[in-house]
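This briefing sets out selected features of the structure shown below. The points are grouped by topic, and each term is defined where it is first used.

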Amino acid sequence: MAVRPLTPNAAVPHADAVTKNRQNWAWAVAAVAFVALIGAAGFRATPGALIDPLRAEFGWSTGTIGLAVSVNLLLFGLTAPFAAALMERFGVRRVVSVALTLVSVGSGLTVFMTASWQLVLLWGVLVGLGTGSMALAFVATITGRWFVRHRGLVTGVLTAGGATGQLVFLPVMTSLAEDSGWRSAALLVSASALAVVPLVLLFLREHPADLGVPPYGGDEVVPRPVSTGAARRAVTALTSAARTGPFWYLAAGFAICGVTTNGLVGTHFIPAAHDHGMPTTTAAGLLALVGVFDIVGTVLSGWLTDRVDSRVLLAVYYALRGVSLLLLPQLFHDSVHPSMLVFIVFYGLDWVATVPPTVALCRQVFGLSAPVVFGWVFAAHQLGAAFAATAAGLTRDHFGAYTPAWYVAGVLSIVAAFLSMRVVRRSAQAPVVGDLAKA
């Protein structure tokens with residue numbers, strides 16, 4: 001029986017299969033990043049659940065506790081651009097592993113604190129630095145390196161990891177804080193963050209080029225970028241971007257996004273609801289529902305970002321958020337009314353739906369510098385959140401209610417809608433700002 005000779009083309013299917021299998025690492029990397037973001041989100045979900053227990057045990061004012069939250073949110077944002085540059089210099093695995101360890105240590109040591117400055121140091125500084133190293137600049141880094149096709153969708157899914165962390169941890173921590181004390185909740189977060197480290201070390205890969213494959217959906221292998229000093233890289237990207245109008249419109253809009261999400265609703269919704277007689281566990285359950293619908297809204301936003309003008313998406317998201325916040329003060333009661341459930345669904349769909357179109361606009365305008373530039377835009381987000389966390393607490397202490405804070409946040413959201421439409425998109429022929437900075 002004659003044997004058919006092996007031709008060069010006969011090996012092609014096998015080579016294609018190997019390449020396809022290696023490209024599937026993109027999904028494995030995205031999955032591990034999703035889990036890491038859930039771990040980082042765990043402690044960021046705790047402030048609203050622990051404000052009342054900390055007030056009861058230590059006698060600290062809402063403004064004092066809000067200061068610790070503000071430091072956390074501020075460092076969470078300011079760390080992001082440097083973390084993106086550090087990931088380029090030292091690798092994603094090292095940076096994320098150290099970040100998760102910081103979250104674990106900071107959360108675990110809070111059980112020994114006796115003074116408010118210790119709350120600021122542990123809850124604010126250590127956890128802020130750790131979670132900031134796994135902020136949305138981390139998302140931009142992963143999607144920018146590993147995906148061409150479905151990039152907006154994957155950005156939405158990874159961004160939803162933060163909401164999932166809130167969903168998983170918040171009701172549990174609120175229940176633990178009431179049944180076993182707030183220290184049990186802090187220890188749960190510490191253990192959960194540390195448990196993610198082995199997954200990161202084992203499965204997170206740095207670049208598709210390390211496997212000899214293009215990014216998922218790409219046609220060419222993208223060489224590893226030349227590493228530069230992390231601080232220099234972060235500062236250079238900022239100085240270049242700050243010369244452009246789009247950067248300031250995106251940064252201002254995202255600062256308002258921080259005011260109206262993490263700073264105000266994420267931190268103060270539970271105590272605000274409790275002021276109206278609602279049990280803290282019920283309020284925590286409502287905030288967890290925000291996380292449920294945020295997953296849907298953010299993934300949908302990622303899908304839309306691949307298809308619709310990102311400026312229009314941002315304007316719609318901010319405008320709808322503003323209307324909902326203006327209505328919120330009339331919706332608080334001692335029990336959950338249908339109108340509050342409507343708000344939770346509506347607001348949840350919009351919670352961080354702003355992230356995929358903001359990342360997309362940064363990528364379009366700033367090119368290869370987009371992850372680091374987005375880190376600075378995200379820093380603006382956290383500056384707004386930090387301001388709101390303290391300002392809302394002081395508002396509550398002064399007026400005895402959060403009502404003025406909700407109204408101000410609603411108006412600011414509508415302003416953000418107008419700012420978003422001012423972002424000028426790059427034409428197909430024009431070079432990106434990030435590429436000009438390297439020329």
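Helices (H or I, at least four residues) and strands (E, at least two) are DSSP runs, numbered from the N terminus. The model is a predicted one, in which local features need pLDDT of at least 70 and side-chain atom pairs count only at pLDDT 80 or more, while totals for chains, interfaces and linings use all residues. Residues are numbered from 1 along each chain as its sequence is written, and side-chain values use heavy atoms, with hydrogens and water left out.

**Second largest cavity**

- On a 1 Å grid over the protein atoms alone, a cavity is a set of points where a 1.4 Å probe fits but cannot get out, whereas a pocket is an open set with protein on both sides within 12 Å along at least five of seven lines; lining residues have an atom within 4 Å of a point.
- Grid points are joined across faces, edges and corners, and a volume is the space filled by probe spheres set on the points.
- Three cavities of 30 Å³ or more are present in the structure, and the second largest cavity holds about 60 Å³.
- The lining of this second largest cavity consists of Ala272, Asp275, His276, Pro329, Phe332, Ala401, Tyr402, Thr403 and Trp406.
- At least two of the lining residues come from each of helix H11 (245–275) and helix H17 (403–421).
- By class, six lining residues of the second largest cavity are nonpolar, two polar and one charged, where Ala, Val, Leu, Ile, Met, Phe, Trp, Tyr, Cys and Pro count as nonpolar, Asp, Glu, Lys and Arg as charged, and the others, Gly among them, as polar.

**Aromatic contacts**

- Rings of Phe, Tyr and Trp (its six-membered ring) pair if their centres lie within 6.5 Å; planes under 30 degrees apart count as stacked, over 60 as edge-to-face and the rest as tilted.
- The structure contains 13 aromatic pairs. The pair of phenylalanine 343 and tyrosine 347 is stacked, because the ring centres are 5.2 Å apart and the planes stand at 20°.
- These two residues are four apart in helix H14 (residues 338–350), so about one helical turn separates phenylalanine 343 from tyrosine 347.
- Phenylalanine 343 is buried at a relative accessible area of 5%, and tyrosine 347 is buried at 1%; buried means under 20% relative accessible area, exposed over 50% and partly exposed in between (1.4 Å probe, protein chains only).
- One aromatic cluster is formed by Phe269, Phe332, Tyr402 and Trp406; the cavity lining described above includes Phe332, Tyr402 and Trp406.

**Helix H14**

- The expected span of a helix is 1.5 Å times one less than its number of residues. For the 13 residues of H14 this gives 18 Å, which agrees with the 19 Å between its end C-alpha atoms.
- The buried residues of H14 include Met340, Phe343, Ile344, Tyr347, Gly348 and Asp350. They lie on the same side of H14, because they cover an arc of only 155° around the axis; the arc is that of the directions from the helix axis to the C-beta atoms.
- Exposed residues Pro338 and Val342 are carried on the face of H14 turned away from its buried side.
- Serine 339 also belongs to H14 and is partly exposed at 34% relative accessibility.

**Second largest pocket and helix H15**

- The second largest pocket encloses about 230 Å³ of space. It is lined by 14 residues, of which Thr305, Ser310, Ala360, Leu361 and Gln364 are the closest to its centre.
- Helix H8 (151–179) and helix H15 (355–366) each provide at least two lining residues, and H15 gives the most, with five.
- By class, this pocket lining has four nonpolar, five polar and five charged residues.
- H15 has 12 residues and reaches 16 Å from its first C-alpha to its last, close to the 16 Å expected.
- Nine of the 12 residues of H15 are buried, among them Leu361, Cys362 and Phe366.

**Backbone with positive phi**

- Most residues other than glycine have a negative phi.
- Histidine 150, although not a glycine, has a positive phi of about 65°.
- Histidine 150 sits in the loop between helix H7 (136–146) and H8 and is partly exposed, with a relative accessible area of 34%.
- Glycine 367, just after H15, takes a positive phi of about 60°.
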